[in-house]
Amino acid sequence: MLILYIAQHNASFLCEIISRDLQSLINPSHVRTCGFICKACPYSCVKLLNVSPQVKQMAAVLLRRLLSSSFEEVYPSLAIDVQTAIRTELLAGIQSEGSSNIRKKVCDIAAELSRNLIDDDGNNQWPEILKFLFDSVNSQDVSLRESALHIFWNFPGIFGNQQQHYLEVIKRMLVQCMQDQENPQIRTLAARAAASFVLSNESNTALLKHFSDLLPGILQAVNESCYRGDDSVLKSLVEIADTAPKYLRPNLEATLQLSLKLCADTNLTNMQRQLALEVIVTLSETAAAMLRKHTNIVAQSVPQMLSMMVDLEEDEEWAMADELEDDDFDSNAVAGESALDRIACGLGGKIVLPMIKQHIMQMLQNPDWKYRHAGLMALSAIGEGCHQQMEAILSEIVSFVLLFCQDPHPRVRYAACNAIGQMATDFAPTFQKKFHDKVISALLQTMEDQSNPRVQAHAAAALINFTEDCPKTLLTPYLDSLVQHLHVIMVAKLQELIQKGTKLVLEQVVTSIASVADTAEEKFVPYYDLFMPSLKHIVENAVQKELRLLRGKTIECISLIGLAVGKEKFMPDASAVMQLLLKTQTDFNDLEDDDPQISYMISAWARMCKILGKEFQQYLPVVMGPLMKTASIKPEVALLDTQDMENMSEDDGWEFVNLGDQQSFGIKTAGLEEKATACQMLVCYAKELKEGFVEYTEQVVKLMVPLLKFYFHDDILHEITITFLDRCARVRGPEYLTQMWHFMCDALIKSIGTEPDSDVLSEIMHSFAKCIELMGDGCLNNEHFEELGGILKSKLEEHFKNQEVRQAKRQDEDYDEQVEETLQDEDDNDVYILTKVSDILHSIFSSYREKVLPWFEQLLQLIVNLICPHRPWADRQWGLCIFDDIIEHCSPSSFKYGEYFLRPMMQALCDSSPEVRQAAAYGVGVMAQFGGESYRPAFTEAVPLLVGVIQSPDSRAKENANATENCISAVAKVMKYRPECVNVTEILPHWLSWLPLNEDKEEAVHTFTYLCDLIESNNPIVLGPDNTNLPKIFIIIADGVVNESIKGEDGCSKRLANVIRQVQVSGGLWTQCVSALNEAQQKAIQDLLNTA
């Protein structure tokens, strides 16, 4: 409070305090004090812009940060005259400041203040700064022109709602400055400002077109500035390629040619060359169709990437290195490889593979090892993007690559292993099925390269990739050979560890053993005793800090082997292993946050839980503390401007998202994978231990549910909600279950409204629907319904809007075959979200029935739009499915919507799409079963249409089978529930000839149940004269069992078995029926009698 008082009443005294603190910044703690004082009185910081350079610099930094982070908290509460004084002092300071560096910082403050003074209507409440810009840009003083451009570059939205009015003035200002022949720094700043303006108006197509004639000036500035050692304009060009690529279209060839020229110029720095290449690579990702029209230039860029990959240093110690250094992302070799990977994914193999194939073949035949190494690494890089095209020539590629496993140079052998490992992942499981014999043999031989541990280790890593996706049946014949080699190497490397302290190969071999065991499962039992003693020995003795990774991998290996061989084989060692794990767990708090053992331990405990089952419950008190700690990791986040970002590195685990206006959102991702793993393990414990996990349910749910907004991998969302509700919370009783559900429900609904990732969103929606089914009527209150209704409405509106956007893209001048593939993928994603909307509505209709219809009516017109004849087939399918649910669960009230869906449903019975026919047929069936009297007239029209579909020549083709079977089931339901609407006597013989249903198991049950009704009532048409149809009925029943349409545990099976038993007692008829069956059918009948 004292500081605040001083700030408000004695600015000069405050300046003295800050000056003293700022000039003693050797002690960093003073910075925080100064920041607080600056927050208390920003005007004091402005006044300090007139004192010593060191003080000025810190005052400027503090004030800019204050305005960017706490503007609303500080500035509006200042007196009007103080606000005016701050603005005046800033403009005066810019004009009087002699130091270029400090002047830029003051310009940053002015830009930040101006950004915050644009009101909600777009008015700039600091008109003086606009006048200052106009005056300065026309000034003879170069420093003032620089200042004006710097402010505009920093905040291109400075004109607010007056931008359109000043558009010509802005353009003239930028053109004039880019043509300043006397001052190259003005040309550079103008180009950066123009780029910034373009980026801030990325979605304004008309504006971008109007400003397109500035692009040649920007490109000229890129070229000039690079040769002056300044890559700032080149970075701006990369941003345009990323955010507003279509701005480049009128001058795309010039842009690409310039990028290619700069990339090829070895006189420039590596970073400049890589940035130039980044323009082309980024365009391959953001404007692939546009770039595909300039394949000649893309083809010229490929050799540049490959030449960068050859930029390797000779290192005599490389092969013996025992510590793997992280990739140097600034190196040309890594940059070239990454660019090749991205451009292959962006443009596709059809374009890229023909461009690169010949280059790679030439490189692989070069006597210089660097070229052979680069060629093999290039093959690894393009596998994902060129997947389809490479798959066609995979045999040729694999045979060629395997030759290099015996290359005279170790780094080439390393690259060959890298290519094999990458292909094993990219082309799995085809790769494993086709090349298992050659690949396993080559890798085992390479793993014997004792004089080059780095190569040995990478061969083991490639083996891991191979075995992870290898079918067990393929791997089993090689187990003896694999185990023998792995055991020999493990023993040798264990000795090396003791004698020399080397561990790299041992780390990879241990993981290879784990991977082989994981794939082999119970087939690994004979080899268990060969490995387990040595593995336990490593865990017991590898306690030094430098052996943490080895110990963690060994813990993983032991737990995976235990899971593979099963409880019976593992139990004799289980107690000793648990004690080793417990000892490590006891020391858990002493482990550093980045200790690799942590994530291995977390996963190992979960595997032990799966192995031991209920017996694991006793260990929960030891395990849960560290697990909850890891699951509670909070990532660091920050809102940063461009200058702050320059001081932070992505190598330190930060990732950035550009928000525009020179601002970025940063998140430190280190620890997030461990957090996700910990959450998965918590779910595993809950699933395995069920009621044994109950006492931890509440704290786990309270930790995990808020994370739905941000962290979760899509594959565990469903597990979290269902597992904790159904398997844990339910044990504590209905009141506790309801309490837990309401805690989850709010978070789930909000996540449905805000989740941007379609994969995660679909999983949240799926989980929410399952939860409603689980909880039933009453689980949603009025607020839930209101919020959910608005969200589902927006999802449906977004669905229609996205379709319009895709149609517009099909009219774009860059539209081509590859664009269509992308649009189809987008459409599939949208349709998948639509299926989840349908799932949620299904769960609500089935739980709440007719009383939910008034709520549904806000969505009615949107659902009606889905079933319009002009909509895509998937829209019509899912629109009909929603109306099917209304008929099934909300009848007879559903009939009030008949005017919307009855006509489209009848038309859909003859639709060209089998999925639409199936939805319509199902609707007719539930209409008969649940609809009520009002629907009677519909069946007269529907049944002939259904029969027509069933009797069409290709009705049993694979793609039509489900639709046809739903038609057959619908006919059965009409005959059963609405016999007065059809001629049952006429239809029954035909219906019997259509049985059984083999594809749609649910509808098969309906047809068999109706068949039982008819047989048990001695229906003469079904049984035939003197039971002559019974052999046919036996065949139908037998085929139903063979195709698993009939299962022993359901009521229908028991009824069918009773029918068979009744025939069994009449000898002649039984013999006649059985003799009509083939061997498989006879076995099926016997199985049914034994189980039902």
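Student: Where is the place of P892?
Tutor: P892 is in the loop between α45 and α46 (898-908). Helices are DSSP runs of H or I with at least four residues, strands are runs of E with at least two, and both are numbered from the N terminus. Keep in mind that this is a predicted model: local features need pLDDT of at least 70, side-chain atom pairs count only at pLDDT 80 or more, and totals for chains, interfaces and linings use all residues. Residues are numbered from 1 along each chain as its sequence is written, and side-chain values use heavy atoms, with hydrogens and water left out.

Student: What kind of peptide bond joins S891 and P892?
Tutor: A cis one, with omega at about 10 degrees. L995 and P996 are also joined by a cis peptide bond, where omega is about 0 degrees. P996 lies in the loop between α50 (984-993) and α51 (1001-1016). Most peptide bonds are trans.

Student: Why are α45 and α47 called roughly parallel to each other?
Tutor: Start with the angle: α45 (residues 873-889) and α47 (residues 914-931) pack at about 10 degrees, with their axes 9 Å apart. Axes are lines fitted to C-alpha atoms, for helices over the stretch in contact, and angles run from 0 to 180 degrees between N-to-C directions. Angles under 35 degrees count as roughly parallel, over 145 as roughly antiparallel, 65 to 115 as roughly perpendicular and the rest as oblique. So α45 and α47 are roughly parallel. Residues making that contact include W873, L880 and I887 of α45 and A919, Y922 and F930 of α47; contact means heavy atoms within 4.5 Å.

Student: And what makes α54 oblique to α55?
Tutor: The axes of α54 (residues 1051-1064) and α55 (residues 1067-1075) come within 7 Å and cross at roughly 125 degrees. That angle falls outside the other classes, so α54 is oblique to α55. I1060, V1063 and Q1064 in α54 meet G1067, L1069, W1070 and C1073 in α55.

Student: How do you know that R551 counts as buried?
Tutor: Buried means under 20% relative accessible area, exposed over 50%, and partly exposed in between (1.4 Å probe, protein chains only). R551 comes out at 9%, so it counts as buried. It is found in helix α31 (residues 548-565). Leaving aside neighbours within four places in sequence, R551 is in contact with V539, A542, V543, L580, T584 and Q597.

Student: Does E521 count as buried, partly exposed or exposed?
Tutor: At 37%, E521 is between the two cut-offs, so it is partly exposed. D1026, at 76%, is over the upper one and therefore exposed. E521 has a positive phi of about 55 degrees although it is not a glycine, and D1026 likewise has a positive phi of about 55 degrees without being a glycine. Most residues other than glycine have a negative phi.

Student: Which residues touch the most other members of the largest nonpolar core?
Tutor: Y247, F431, F524, F616 and Y685, out of 231 residues. A nonpolar core is a set of buried Ala, Val, Leu, Ile, Met, Phe, Trp, Tyr and Cys residues joined through side-chain atoms within 4.5 Å.

Student: How many residues score a pLDDT of at least 70?
Tutor: 88% of them, and the protein averages 87, where pLDDT is the predictor's confidence in each residue, from 0 to 100. Over residues 1-37 the pLDDT is below 50. Where pLDDT is low, the predicted coordinates should not be read in detail.
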